[in-house]
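Visitor: Please take a close look at a single part of this model and follow it through its surroundings. I would like the cut-offs stated along the way.

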Amino acid sequence: MTTIETVSPYPSATSRDLDGWLSEDLAALHPAEAPTRLRALADTQAARIGAWAAGVSVGLSTGVVGLALLLVTGRISSVPLIGGGFLFAGLCMIFLLRVGHRLPDTGRLRSVRGPARLRDGVIAALVIYLPVTALMVVATFRTGGVFGLIIVNVAYLLLLVSAFVVPSAVLGRGREAFRRRARTDVLLRARLEEDRLSWKPERGTPMYGPL
């Protein structure tokens, strides 16, 4: 039985060198939503970088809030909060530094649900932050405890920034950042060169580039 392989109407991955596929001029000729291998890699890597960056932000925020509590109240019980927060931030930073040098598995994550631009992330955070803060202020007028309100409000704001603003800022510039790393990061570039030489068109992703 003879097997007939379908010939792709799109240019092969080896028809251009890596710099050619990374070209901004080539990207401008194709709609931003057109699926390509390089875009899938960039978007997936940005999602992972955004997640680890959010973890770093959460850890730092926790440590800062704990430090503020310690300085203002003098309670030793704040020390675990400080240590745990900064430790968590450090661990996330290790993974954050590693993920930018590697090619992600695009089969596991191809889309992100949530704000994908800095502006959208800021708006989402404000939409959640302002009503809750208004309720906190009303409750404070009734029960007092201004200091408690300030600490809780700052912690709440930092959490929203970590969850919405930081990831959206990363995602919004994910492809530009990937292009810059691909041109300057020797390890990532070597892996991209290997990928370019071995990649074959996939279902839903018929072209290797542009980025």
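Guide: Arg-183 is partly exposed, because its relative accessibility is 39%; partly exposed lies between buried, under 20% relative accessible area, and exposed, over 50%, with a 1.4 Å probe and protein chains only. This is a predicted model, in which local features need pLDDT of at least 70 and side-chain atom pairs count only at pLDDT 80 or more, while totals for chains, interfaces and linings use all residues. Residues are numbered from 1 along each chain as its sequence is written, and side-chain values use heavy atoms, with hydrogens and water left out.

The side chain of Arg-183 meets that of Glu-24 in a salt bridge, at 3.1 Å from N to O; the term requires a side-chain nitrogen of Lys or Arg within 4 Å of a carboxyl oxygen of Asp or Glu. This pair links distant parts of the chain, since Glu-24 is in helix H2 (residues 24–28) and Arg-183 in helix H7 (residues 174–184), 159 residues apart. Helices are DSSP runs of H or I with at least four residues, numbered from the N terminus. Glu-24 has a relative accessibility of 41%, so Glu-24 is also partly exposed.

The structure holds six salt bridges, and two others can be set beside this pair. Helix H7 takes part again through Arg-175: the side chains of Asp-43 and Arg-175 form a salt bridge of 3.0 Å, N to O. Here Asp-43 belongs to helix H3 and Arg-175 to helix H7, and 132 residues separate these distant parts of the chain. Both ends are partly exposed, because the relative accessible area is 30% for Asp-43 and 21% for Arg-175.

Helix H3 also supplies Arg-37, whose side chain meets that of Asp-195 in a salt bridge at 2.8 Å, N to O. Arg-37 lies in helix H3 and Asp-195 in helix H8, so this pair ties together parts that are 158 residues apart in sequence. Both ends are buried, because Arg-37 has 11% relative accessibility and Asp-195 has 10%.

Helix H3 (residues 37–73) has a further partner: its axis and that of helix H6 (residues 146–172) come within 8 Å and cross at roughly 165 degrees. The axes are lines fitted to C-alpha atoms over the stretch in contact, with angles from 0 to 180 degrees between N-to-C directions. H3 and H6 are therefore roughly antiparallel, a label for angles over 145 degrees. The crossing of H3 and H6 is right-handed, that is, the near helix is turned clockwise from the far one by less than a right angle. Leu-158 lies in helix H6 and is partly exposed, because its relative accessible area is 25%. From Leu-158 to Gly-66 the C-alpha distance is 13 Å, with the two positions 92 residues apart in sequence.

One feature of the backbone belongs with the segment after helix H8 (186–198), where Pro-210 is placed. Gly-209 and Pro-210 are joined by a cis peptide bond, with omega at about 10 degrees. For context, most peptide bonds are trans.

Note on methods
Helix = DSSP H or I, 4+ residues; strand = E, 2+ residues; numbered from the N terminus. Parallel < 35°, antiparallel > 145°, perpendicular 65-115°, else oblique.
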